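Biologist: Please take a close look at one part of this protein, the packing of two helices against each other. A connected account suited to a first-year student would be welcome.

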Amino acid sequence: MSEKIAVENINTPGRTTNVDKAKYVAMKQAMLATLPKSAPGMTANEAKEAAKPLLPEDLFPGGATSGWWQKCVQLDLEAKGVVVREDSKPLRFHQI
């Protein structure tokens with residue numbers, strides 16, 4: 001059984017969900033290594049594609065499920081005030 005970590009979602013304040021810690025940490029590290037620290041930021045798709053090469057193959061074979069994990073981590077980091085969602089179309093994100 002894998003170790004779990006509680007994550008938040010900016011869209012549902014006060015609610016947490018437990019997810020696989022190893023996958024969460026790997027995606028978080030990849031996202032923080034690639035997301036810009038200022039506007040104009042990156043779209044969700046750009047962030048996912050930039051993070052993919054940094055993900056461990058044993059956790060994300062061929063990039064599998066990276067889109068779901070990118071969204072999970074993005075929403076958690078927004079809730080924690082680490083990442084900001086810009087008021088743009090398409091949505092763009094950057095670190096605070």
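Modeller: The account below begins with the whole chain and then turns to the helix pair.

The model is predicted, so local features need pLDDT of at least 70 and side-chain atom pairs count only at pLDDT 80 or more, while totals for chains, interfaces and linings use all residues. Residues are numbered from 1 along each chain as its sequence is written, and side-chain values use heavy atoms, with hydrogens and water left out.

The protein has 3 helices and 5 strands; helices (H or I, at least four residues) and strands (E, at least two) are DSSP runs, numbered from the N terminus. Along the sequence they follow the pattern β-β-α-β-α-α-β-β.

Two packed helices are described by the angle between their axes and the distance between the axes. Helix α1, residues 21–34, packs with helix α3, residues 66–79, at an angle of about 75°, and their axes are 9 Å apart. Axes are lines fitted to C-alpha atoms, for helices over the stretch in contact, and angles run from 0 to 180 degrees between N-to-C directions. The angle makes α1 roughly perpendicular to α3, a term for angles of 65 to 115 degrees.

From α1, Lys23, Tyr24, Met27, Lys28, Met31 and Leu32 meet Ser66, Trp69, Gln70, Val73, Gln74, Asp76 and Leu77 of α3; contact means heavy atoms within 4.5 Å. The residues of this contact divide into 7 nonpolar, 3 polar and 3 charged. Here Ala, Val, Leu, Ile, Met, Phe, Trp, Tyr, Cys and Pro count as nonpolar, Asp, Glu, Lys and Arg as charged, and the others, Gly among them, as polar.

Conventions. Parallel < 35°, antiparallel > 145°, perpendicular 65-115°, else oblique.
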